[in-house]
Amino acid sequence: MNFNPKNKVSNIFLLIGSFILVSLILWNTNSFFKTFKEEERLKMEVWATAQSEFLQSAEDVDLGNLHLKVFQNNTSTPMILINKDSSIRINNIPKELASDSIYIQKQLRKFRSENTPISIDQQGEHLATLYYGNSEVLNKLKFYPIALLLIIFLFGTVIYFLFKTNKASEQNKLWAGMAKETAHQIGTPLSSLLGWNELLKTEKINPDITKEIEKDICRLQTITERFSKIGSLPKLNESDIVSETRDAYEYLKKRSSKLIHFSFTTPVEKLPVLLNSSLYNWTIENLVKNGIDAMKGKGSIAIEIVPDGKLVNILIADTGHGISKRDFTTIFNPGVTSKKRGWGLGLSLVKRIVEEYHKGKIKVLSSGKEGTIMQISLKITH
C-alpha cells in the first residue's frame, strides 16, 4: 500500500491540536470551579459574621435590614450550624430530613470533606461552628468537564465513522471502476481472438490446437464477466451448491500441480442456494489459490460441504503455514497481503462477493501449524 508522509504529519498535528484544545478547556473549567468555590466561601464567611453579630446582639437592639438580607439571600448552599450549647440550626436542607440525626451526621462528614468548617467567634469566645456543602450550581459545575469530554468523544466517534464510511465508499468505487475498466479492456482483444480462432479452423492445422485456444478464450470470457459484475448487484439464481462447488473443484484440480492433493466430500447430493455461479466460482478459486500459495505449491486442499440447519457451510482447508489469530479479521481488508508482490485484493473481493452480494458469511474457522480452514456460510433456499 502507498504511504503518504504528509497525511501522517497532518494527522499528528491534528491530534496534538485536539489534545491542547481539550487540555485548555479542562484547565479553564477547573480554574472557574476554584474561583466559584472561593467566592462561595467568602459568601459563607459573610453569613458567619452576620450570624456572630446576631448571636451577640441584645434583644432590644435593632440590627437593621442588612443581617436579614444576608440570611434570606442564601438559599442554595446547604448549612448546618452547631452552637456552643450543641443545639443545631439547619438551612437549605429538606425539612423531612432535618429531624433525621443519622442523615445529619452523614451530611456533617460530607461537608467537612468538601469545605473547611468556619468557626464563629466573638471577642475570643467560641459561639458556633458552621458546616456547609457545595451549592447545587457548584455540584453541577463539578461534572461539567466529564460531560464536555463525553461530548467531545461522541463527536470524535461520529466524525471517525463518517470518515471511515466515506473512505470505504471511495475504495469500493475505485475497485469497482478498476474492475469494470479491466473488463472493458479485455473485451477488445478477446473479440479479435475469437475471430482469429475461427480463421485458424479453416486452415489445415491440428484441431486440438483450436480447441485449447477455445478453452483459453472461454476462460478469458469468464474472467471478463466476473470483473464486469463488481460494483453492481449481480443476478442470483437458485443453483445447486454441491454441483457448483464440485465444478470449481474439478476445474482447479485439473489445472494445479500434481504435488497438490485434492479432496472433495459432501454428505448430500443436492442443496439449493441463491447463487451467482460466476462470482461463486471466483470465490472458491481465490481461496484455493491462497491455500496453494500458503503451502508453497505442495500439500493438500480439502473442500467439504456441511449442511447446518438452514445454512450450508463450505469449508476450504489447506496444509499451509497458517494465519496469526490477530490477523483473522484484517486479512479481509483491502491492501492486506503477506505476498511480496500481492495487491491484497483477493480476500477483500471474496468477502464482498459472499457478504454483500450473497448475504452470507466468511471467516477463518481455524488456523495453525497444521493449516488453515476457511468457512463460507450461505442460506439454503428450502
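**Figure 1. Salt bridge between R352 and E356 in helix α10 of the predicted model.** E356 has a relative accessible area of 39% and is partly exposed. Its partner in a salt bridge is R352, with a distance of 3.5 Å from N to O between the two side chains. R352, at 14% relative accessibility, falls under the 20% limit and therefore counts as buried. The bridge thus joins a buried residue, R352, to a partly exposed one, E356. Because R352 and E356 are four residues apart in helix α10, about one helical turn separates them.

**Figure 2. Salt bridge between K351 and E355 in helix α10.** The N to O distance between the side chains of E355 and K351 is 3.1 Å. Both residues belong to helix α10, where a spacing of four residues places them about one turn of the helix apart. K351 is partly exposed, at 30% relative accessibility.

**Figure 3. Salt bridge between R41 and E45 in helix α1.** Here the side chains of R41 and E45 meet at 3.6 Å, N to O. The two residues are four apart in helix α1, which corresponds to about one turn of the helix. R41 is partly exposed at 24% relative accessibility, and E45 is likewise partly exposed, with a relative accessible area of 33%. Side chains of opposite charge can pair when their charged atoms come close. Over the model, the count of salt bridges comes to four.

**Figure 4. Nonpolar surface patch that includes I12 of helix α1.** The patch is formed by I12, I16, F19, I20 and L24. Together these residues have about 510 Å² of accessible area. I12 lies in helix α1, which spans residues 5-56. With a relative accessible area of 42%, I12 is partly exposed; this value is over the 30% required of a patch residue, so I12 meets the accessibility criterion.

**Figure 5. Largest cavity of the model and its lining residues.** Rolling a probe the size of a water molecule over the atoms shows where empty space is left. A search of the whole structure finds one cavity of 30 Å³ or more, and the largest cavity holds about 30 Å³ of space. Its lining consists of L275, Y280, T283, I353, V354, H358 and L378. Two elements, α9 (277-294) and α10 (346-357), each give two or more residues to this lining. By class, five of the lining residues are nonpolar and two are polar, while none is charged.

How values were computed: Residues numbered from 1 in each chain as written. Predicted model: local features only at pLDDT ≥ 70, side-chain atom pairs only at ≥ 80, totals over all residues. Heavy atoms only, no water. 1 Å grid on protein atoms, 1.4 Å probe; cavity = no way out; pocket = protein on both sides within 12 Å on 5 of 7 lines; lining within 4 Å. Points joined across faces, edges and corners; volume = space filled by probe spheres on them. Nonpolar A, V, L, I, M, F, W, Y, C, P; charged D, E, K, R; others polar. Patch = residues over 30% accessible without salt bridge, like charges linked within 9 Å, V, L, I, M, F, W, Y side chains within 5 Å. Areas by Shrake-Rupley, 256 points an atom, 1.4 Å probe, with all protein chains shown as cover. Buried < 20%, exposed > 50% of the residue type's maximum accessible area, 1.4 Å probe, protein only.
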